[in-house]
Amino acid sequence: FTNPHIPDRTMALARDGGDVFVAAIRQSIAELARMDTSIIAIPCHTAHARFADIACGAPVPIVSIVALTTQAVIARVGARARVALFATEGTMRSGIYQRCAPTMDWIVPSRSDQRSMSHIIAETKAGRRVPAREVDVLVARAVAHGAEAVVLACTELSLYAMDITTTCVIIDPLLVLADALVAHGVDGGTPVARACGTAVHACAR
């Protein structure tokens, strides 16, 4: 399900704290609920900066891609590993991964590397896929800084996961999310991660 009226999440977070995209996503959730949807997954990491507000009172369970991803990272490299986070500026500023896995030694890109990442994300979102080596260079740089794993925490970055040649554990959250949803369906409702440390329907006060 795609709602073209949901604004850019990074820009919305900077402009009004994300209120406008929270309202648009909640409207989409209501529409999906009317279609008898049994579970909802939001693949946008940046939207999870307001996950509690989006999920509060939702009529359908909502899966947290951030919670699932951090679980996958811990399973692969442990809870105290050095892990590089590749994401939008909005996700980086929100600190959602750091809060979800506080014992992890998160490596964030330099300003120049973040600019390169933002460029890759923007170009890919516009349908202009960049050469895979541009992502690979950033992965190699993270590994040189001690990263044991790299999390591609943006839907556009996931498109390059299979093209990375640098030796490193690559966590593709879209695959993690898809695997969890398939398992949920096949196993007849196996629970999937719905929040980091709090119940999905716990409304922020």
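Okay, let me start with one cut-off: I'll call a residue buried when its relative accessible area is under 20%, exposed when that is over 50%, and partly exposed in between. By that yardstick Cys 44, at 17% relative accessibility, is buried. And before anyone asks, this is a predicted model.

Since we're on cysteines, let's stay there for a minute. How many disulfides does the structure hold? Zero. For anyone who wants the reminder, a disulfide is a covalent bond between the sulfur atoms of two cysteines. So why is Cys 44 not in one? The closest cysteine sulfur to the sulfur of Cys 44 belongs to Cys 154, and at 7.2 Å that is too far for a bond. The cut-off here is 2.5 Å between the sulfur atoms. Cys 168 has Cys 154 as its closest cysteine by sulfur too, but there the distance is 18 Å, again too far for a bond.

Right, on to the charged side chains. The count comes to eight salt bridges, and I'll walk through a few of them.

The one I'd pull up on screen is Asp 19 with Arg 50, where the side chains meet at 2.8 Å, N to O. What does that pair link? Distant parts of the chain: Asp 19 sits in helix α2, residues 19-34, while Arg 50 is in the loop between β1 (40-41) and α3 (51-55), and the two are 31 residues apart. Is each partner buried or exposed? Asp 19 is partly exposed, with a relative accessible area of 44%, and Arg 50 counts as buried at 16%. There's a third player here as well, as Asp 53 joins Asp 19 and Arg 50 in a network of salt bridges.

Next, Arg 82 and Asp 105. Their closest N and O atoms are 2.9 Å apart, in a salt bridge. This pair also links distant parts of the chain, with Arg 82 in strand β3 (residues 82-87) and Asp 105 in strand β4 (residues 105-107), 23 residues apart. Both ends are partly exposed: Arg 82 comes in at 31% relative accessibility and Asp 105 at 33%.

One more of these. Glu 156 forms a salt bridge with Lys 125, and the closest N and O atoms are 3.4 Å apart. Glu 156 is in helix α9 (residues 155-158) and Lys 125 is in helix α7 (residues 111-125), so this pair ties together parts that are 31 residues apart in sequence. Glu 156 is the buried partner at 12%, whereas Lys 125 is partly exposed at 47%.

While we're in helix α7, have a look at Thr 124, which is placed there too. At 11% relative accessibility, Thr 124 counts as buried. Where does its side chain go? The side chain of Thr 124 reaches the backbone oxygen of Ile 120, at 2.7 Å.

Now the sheet. In what order do the strands run? This is an open sheet of four strands, ordered β4-β3-β5-β6, with parallel pairing. The edges are β4 and β6 (169-171), each of which pairs on one side only. Ignoring direction, neighbouring strands of this sheet are turned by 30 degrees against each other on average. If you want to check one pairing yourselves, take β5, residues 149-153: β5 and β6 pair in the parallel sense over three bridges. Ala 149 has Val 169, in β6, as its bridge partner.

Over to helix α4, residues 65-77. Helix α4 has 13 residues and reaches 18 Å from its first C-alpha to its last, close to the 18 Å expected at 1.5 Å a residue. Which residues of α4 are buried? Among them are Ile 65, Val 66, Ala 67, Leu 68, Ala 72 and Val 73, and the list includes Thr 69 and Thr 70. Just after α4 comes Gly 78, with a positive phi of about 95 degrees.

Last stop, near the start of the numbering. Ala 12 is found in helix α1, residues 9-16. Ala 12 counts as buried, at 0% relative accessibility. Its C-alpha is separated by 9.5 Å from the C-alpha of Val 22, with the two residues 10 apart along the chain.

That's my tour, so over to you.

How values were computed:
Residues are numbered from 1 along each chain as its sequence is written. This is a predicted model: local features need pLDDT of at least 70, side-chain atom pairs count only at pLDDT 80 or more; totals for chains, interfaces and linings use all residues. Side-chain values use heavy atoms; hydrogens and water are left out. A salt bridge is a side-chain nitrogen of Lys or Arg within 4 Å of a carboxyl oxygen of Asp or Glu. Buried means under 20% relative accessible area, exposed over 50%, partly exposed in between (1.4 Å probe, protein chains only). The expected span of a helix is 1.5 Å times one less than its number of residues. Two strands pair if DSSP finds at least two bridges between them. Axes are lines fitted to C-alpha atoms, for helices over the stretch in contact, and angles run from 0 to 180 degrees between N-to-C directions. A polar contact is a pair of N or O atoms within 3.5 Å; within protein, one must be able to donate a hydrogen and the other to accept it, and residues adjacent in sequence count only if both atoms are side-chain atoms.
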